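Hi,

Here is the model I promised to pass on to you. Please open it alongside this message, and my notes follow below.

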Amino acid sequence: MPSLKALKIRIGSVKSTQKITKAMKMVAAAKLRRAQEAAEAGRPYAEELTKVMARLASGVTVGPESPKLLAGTGKDTNQLLVVATSERGLAGAFNSNIVRAAVRKARELEAQGKQVKFYLIGKKGRAVINRLFPGKIVHQVDQTHIKTVSFDDALEVAQDIMHRFEAGEFDVARLYFAKFQSALVQIPTETQIIPVEIPAAANDKTPESGGPVAAFEYEPDEEEILAALLPRNIAVQLFRAFQENAASEQGSRMTAMDNATRNAGDMIKKLTIQYNRSRQAAITTELVEIISGAEALKG
Amino acid sequence: MADVHFELVTPEKKILSEDAYMVVVPGTEGDFGVLAGHAPLMSTVRDGEVLVYSSMTNITQRIRVQGGFAEVTDKGLTILAEHAEILSGAGAEASSHGRPARADH
């Protein structure tokens, strides 16, 4: 049985922990709202671009002259896994879920005899991946100084990745991030970014309007427009991933901190009961001592 | 004559969605004006200014765009730009630079 003093200190420390987790939860909730708004504001652009890409790609035949970003290098021996995690921990299973999805894929690819490399965004995936796949991390993007990701940040990363692609470092690139569904649910998601996966809508010849696809004039021609759009598409996909990740991270943290606050509350209750019991026991013992002392003197 | 519906979208948010008499877009192969009923067209956009006309002579908005792409369909004109900054006209503060305007709920 711990002493009264020890119990008191313990209760105090759990209380201050609870204060911190509660504050973190509220901060995460506020940030979540902003991140969610940003993600929603970015949706129209991504949707438009996907539509345009689909329309363009349906008119272009993929051949050896097609841009490599669309057609690929013709090989798939070198695989790059772009893993986007957060810069901070204490967000529940957020980071480990993303990393787990990437590691699973990496194992699968290695079993097929492929070369796997990692490109990390955010520092939270580093420790695990470095332990499981030592020496396979080619680069790590530091986003500690970035408060809210802007499109330029995504563009920078996209350009670096494309540069590596052109240098022949890899043939296929996949992107890992957590798709935001709600504060409770974030889904680790994999998308292939190089070569570009043409969305399923490409085969959908009947647009929503119902009429036949209007003949478009292209300025410059289709191939050139496509060549200009492909790199942009990668940047947009990265940007989407960053935004989804930002919302997911805050959602995950909010849930985790809410749980922590509740657990701390339970613990405080338990410790307080224990404290009161021992206090009463101590008082009773003292009383018994005094009374029996008095009784002894009387006799 | 009916107006052409014009939308300007950046990856960060939708900047504009309104009807205009004519929109002049700086295409890579030359500027072009889009009025209602324009033939479907896709073009890349060079860095420059988009002009929005509310009537034949009246320019209501100038928007600087960067890294863009324009698409004209029967529904109207959509410009996708990496950056857009409204230089003059309504909503000049609500540009993609500086602090973003609060989204409506």
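In this predicted model, 23 residues of chain B are in contact with 21 residues of chain A. On the chain B side, the elements that give two or more residues to the part touching chain A are strand 5 (41-45), strand 7 (59-73) and strand 8 (76-88). Which of the strands gives the most? That is strand 5 of chain B, with four residues. As for chemistry, the residues on this side of chain B divide into nine nonpolar, seven polar and seven charged.

Strand 5 of chain B is worth a look for another reason too. Three bridges join it to strand 6 (residues 217-219) of chain A, and the two strands run parallel. If you want a pair to centre your view on, Glu219(A) stands opposite Ser43(B), which sits in strand 5 of chain B.

Now for chain B by itself. How many helices and strands are there in chain B? There are zero helices and eight strands, so to speak a plain run of β-β-β-β-β-β-β-β from the N terminus on. Of the 105 residues of chain B, 39% count as buried. Looking at contacts in chain B with a separation of 6 or more, 46% come from residues 24 or more positions apart.

There is also an annotation to keep in mind. An unreviewed UniProt entry gives "domain: ATP synthase F1 complex delta/epsilon subunit N-terminal" for residues 5-84 of chain B. In the model, that span is 0% helix and 74% strand, and its end C-alpha atoms lie 18 Å apart.

Finally, one residue of chain A that I followed up: Lys179(A), which is found in strand 4 (residues 172-180) of chain A. Why does Lys179(A) count as partly exposed? Because Lys179(A) has 17 C-beta neighbours inside 10 Å, and a residue needs 20 or more to be buried, while 12 or fewer would make it exposed. Setting aside neighbours within four places in sequence, Lys179(A) is in contact with Gln186(A), Ile187(A), Thr189(A) and Glu244(A). For a sense of distance, Lys179(A) and Val82(A) are 97 residues apart in sequence, and their C-alpha atoms are 15 Å apart in space.

That is what I have for now. Happy browsing!

Best wishes

Methods. Residues are numbered from 1 along each chain as its sequence is written. Chains are lettered from A and ligands numbered from 1 in the order in which they are written. This is a predicted model: local features need pLDDT of at least 70, side-chain atom pairs count only at pLDDT 80 or more; totals for chains, interfaces and linings use all residues. UniProt positions are given in the numbering used here, feature names are shortened, and annotations may be inferred rather than shown by experiment. Two residues are in contact if their C-beta atoms, placed from the backbone, lie within 7 Å. Ala, Val, Leu, Ile, Met, Phe, Trp, Tyr, Cys and Pro count as nonpolar, Asp, Glu, Lys and Arg as charged, and the others, Gly among them, as polar. Two strands pair if DSSP finds at least two bridges between them.
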